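Hi there,

Here is the structure I promised to pass on to you. Have a look at it first, and then read my notes below.

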Amino acid sequence: MSGAWIEVELACAGPENQSAVFLTLPAGARVADAIAAAPTHALPPGGRDQDFSGRVGVFGQRCSLERELSPGDRVEFYRPLELDAKAARRQRARESRIKAAS
């Protein structure tokens, strides 16, 4: 179906700010195409020069840059965790034991 277009959302949440933009792309566009079409302010720090493999997803599900987008998809950028969830639980438990002992 040539000439068809889809609208997708591109979302980026940083430590200090969040941005979301809507993009109109040709049908059959991939995640990589959405990143290429995005304005610079909608990308994580470092812009297009970084490798987004393994750091993007659609609606909370990691995916490859080659994933074909559907109308209404939300492309999201993921940043590394500052503290692993298991490590955070261990730290809280350790602090609770120390507090209870004193």
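What follows is a short tour of what was found in it.

Please keep in mind that this is a predicted model. The protein has two helices and five strands. If you start at the N terminus and walk along the chain, the elements come in the order β-β-α-β-β-β-α.

Let's begin with the overall form. The C-alpha atoms fill a box of roughly 70 × 25 × 20 Å along the principal axes. The radius of gyration is 19 Å, whereas a compact globule of 102 residues would have one near 13 Å.

Next comes the sheet. Strands of a sheet pair through backbone hydrogen bonds, and they can do so in a parallel or an antiparallel way. Here, five strands make an open sheet in the order 2-1-5-3-4, with mixed pairing. Strand 2 and strand 4 are at the edges and have a single partner strand each, so one side of each has no neighbour in the sheet.

You can follow the pairs one by one:

- Strand 1 (residues 5-13) and strand 2 (residues 18-26) are antiparallel, with nine bridges. The two form a hairpin with four residues between them. To find your place, look for Cys12, which stands opposite Ser19 in strand 2.
- Strand 1 also pairs with strand 5, this time in the parallel sense and over three bridges. Ala11 has Glu76 of strand 5 as its bridge partner, and Glu9 has Arg74 of that strand.
- Strand 3 and strand 5 are antiparallel, again with three bridges. Here Val56 stands opposite Phe77 in strand 5.

Now for a little puzzle: which residue forms a salt bridge with Glu9? The answer is Arg74, and the closest N and O atoms of the pair are 3.0 Å apart. Arg74 belongs to strand 5 (residues 74-77) and Glu9 to strand 1, so this salt bridge ties together parts that lie 65 residues apart in sequence. You have already met these two residues as bridge partners in the sheet. In the whole structure, the search finds five salt bridges.

Another spot to visit is Phe59, in the loop between strand 3 (56-58) and strand 4 (61-62). Most residues other than glycine have a negative phi. Phe59 is not a glycine, yet its phi is positive, at about 50°.

Finally, turn to the surface. Which residues form a positive patch there? They are Lys86, Arg89, Arg90, Arg92, Arg94 and Arg97. Lys86 is found in helix 2, which covers residues 85-101.

If you want a route through the model, start with the hairpin of strand 1 and strand 2, cross from strand 1 to its parallel partner, strand 5, and then go on to strand 3, which is antiparallel to strand 5. After that, the positive patch with Lys86 is a good last stop.

Enjoy exploring!

Best wishes

Key:
Residues numbered from 1 in each chain as written. Predicted model: local features only at pLDDT ≥ 70, side-chain atom pairs only at ≥ 80, totals over all residues. Heavy atoms only, no water. Pairing = 2+ DSSP bridges. Patch = residues over 30% accessible without salt bridge, like charges linked within 9 Å, V, L, I, M, F, W, Y side chains within 5 Å. Areas by Shrake-Rupley, 256 points an atom, 1.4 Å probe, with all protein chains shown as cover. Salt bridge = Lys/Arg side-chain N within 4 Å of Asp/Glu carboxyl O. Lys, Arg positive; Asp, Glu negative; His and termini not counted. Charge placed at Lys NZ, Arg CZ, Asp CG, Glu CD. Rg over C-alpha atoms; globule rule 2.2 N^0.38 Å.
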